[in-house]
Amino acid sequence: MPELIEFAKAAAIHAGDLIVRERQQNSLQHDFKNGNELVTQADLKADALITGLIRKTYPGHLILSEELAPDLDNVSRIDGDLWIVDPIDGTVNYAHGHCQSAVSIAHAREGRIDIGVVYNPFTRELFWAESGGGAFLNEQRIEVARESELRRAIIATGFPYDKSTLEPMLERVAKVLRVCADIRRLGSAALDICWVAAGRLDGYYESLSLWDFAAAQVIAIEAGAQYGHFTEVPPEVAPQFHTDGILVANPELFPKLREILRDDVNR
Ligand code: IPD
Ligand code: CA
Ligand code: CA
């Protein structure tokens, strides 16, 4: 059996090639899940490719994937091997011809996410990490930026497809924009977090689904980021798997950003 990290890298590159080809060759067919979440045929094909490779290579492993296997419950309590897959993170960018999209593959064992691979096939950038082994962009070691002043910091965030809870998010954006240098909405949460890991952004926050952040989380932590939440994590939830109020930044900026983002301050 191949090493897990090498398998994950190869699967991400394979799926990345597929989504590039799909966009070059075909007029992309798309649909809207739940009325407003864009999904293309490339999302489905890439999901089938990755989950097919996992099933063939590691028949005993469980899979959580956004398009074809999204319903696994209590994932943080799974003892055995679990793969967490987002076949295209940044589908809206992908469907509009932008280059900020990625394949995201994470592995967890005994309730701990230990491997992350995020591959942008349009820039050929492969971000990857194994717990305890450092974070890499292609073959280069990466580290978070050292910026410690909010007024110099560039912060990324994102917004959900469902706009019914937009109000508090807009308030947070206003608070961040008032004290930080600027804001980015780049359209791929996995890449946003990897860009914090690589020092291209100083911080990132958003509420997400597990497949959006599982792989990038390992990469950010291994690059020296503080990874946590600006909302309370319920005691019954394992923090690594908690999806709301995610905040990633270098350890100096993290508490400062957390203070700004907390809902009960500056109101
Ligand atoms: C989305 C992207 C986006 C984030 C959304 C995610 P998708 O994932 O990561 O940046 O703001 O919350 O749903 O739908 O492109 O896989
Ligand atoms: Ca996603
Ligand atoms: Ca996706």
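The following exchange explains the terms applied to this predicted model. In this model, local features need pLDDT of at least 70 and side-chain atom pairs count only at pLDDT 80 or more, while totals for chains, interfaces and linings use all residues. Residues are numbered from 1 along each chain as its sequence is written, chains are lettered from A and ligands numbered from 1 in the order in which they are written, and side-chain values use heavy atoms, with hydrogens and water left out.

User: Why is Ser104 called buried?

Analyst: Buried means under 20% relative accessible area, exposed over 50%, and partly exposed in between, with a 1.4 Å probe and protein chains only. Ser104 has a relative accessible area of 1% and is therefore buried.

User: Why does Leu68 count as partly exposed?

Analyst: Leu68 has a relative accessibility of 47%, and therefore counts as partly exposed. Leu68 is placed in the loop between β3 and β4.

User: What makes a residue a contact of Ser104 or of Leu68?

Analyst: Contact means heavy atoms within 4.5 Å. Neighbours within four places in sequence aside, Ser104 is in contact with residues including Ile84, Asp86, Val117 and Trp211. With the same kind of neighbours left aside, Leu68 is in contact with Leu44, Asp47, Ala48 and Thr51.

User: What makes β4 a strand, and why is β4 described as largely enclosed?

Analyst: Strands (E, at least two residues) and helices (H or I, at least four) are DSSP runs, numbered from the N terminus. Nine of the nine residues of β4 are buried, so β4 is largely enclosed by the rest of the structure.

User: How do you know that β4 pairs with β3 and with β5?

Analyst: Two strands pair if DSSP finds at least two bridges between them. β3 and β4 have four bridges, in the parallel sense; β4 and β5 have seven, in the antiparallel sense. Leu62 has Leu82 in β4 as its bridge partner, and Ile84 stands opposite Ala106 in β5.

User: What makes β3 and β9 the edge strands?

Analyst: The open sheet of seven strands has the order β3-β4-β5-β6-β7-β8-β9, with mixed pairing. Each of β3 (62-65) and β9 (140-141) pairs on one side only.

User: How do you know which residues are donors of the calcium ion (ligand 2)?

Analyst: Donors are N, O and S atoms within 2.8 Å of the metal (3.2 Å for Na, K and Ca), and sites may look incomplete, as water is not among the atoms. Asp86 (OD), Asp89 (OD) and Asp212 (OD) coordinate this ion at 2.1 to 2.2 Å, values that satisfy the limit for Ca. Asp86 lies in strand β4 (residues 81-89) and Asp212 in helix α6 (residues 210-222), so the pair ties together parts that are 126 residues apart in sequence.

User: What does Asp86 bridge?

Analyst: Asp86 bridges the calcium ion (ligand 2) and the calcium ion (ligand 3), which lie 3.6 Å apart. Asp86 and Asp212 are both buried.

User: What makes the pairs between ligand 1 and Ile88, Thr91 and Arg185 polar contacts?

Analyst: A polar contact is a pair of N or O atoms within 3.5 Å; within protein, one must be able to donate a hydrogen and the other to accept it, and residues adjacent in sequence count only if both atoms are side-chain atoms. An oxygen atom of ligand 1 is 3.1 Å from a polar backbone atom of Ile88, and an oxygen atom of ligand 1 is 2.8 Å from one of Thr91. For Arg185, an oxygen atom of ligand 1 is 3.0 Å from an N or O atom in the side chain.
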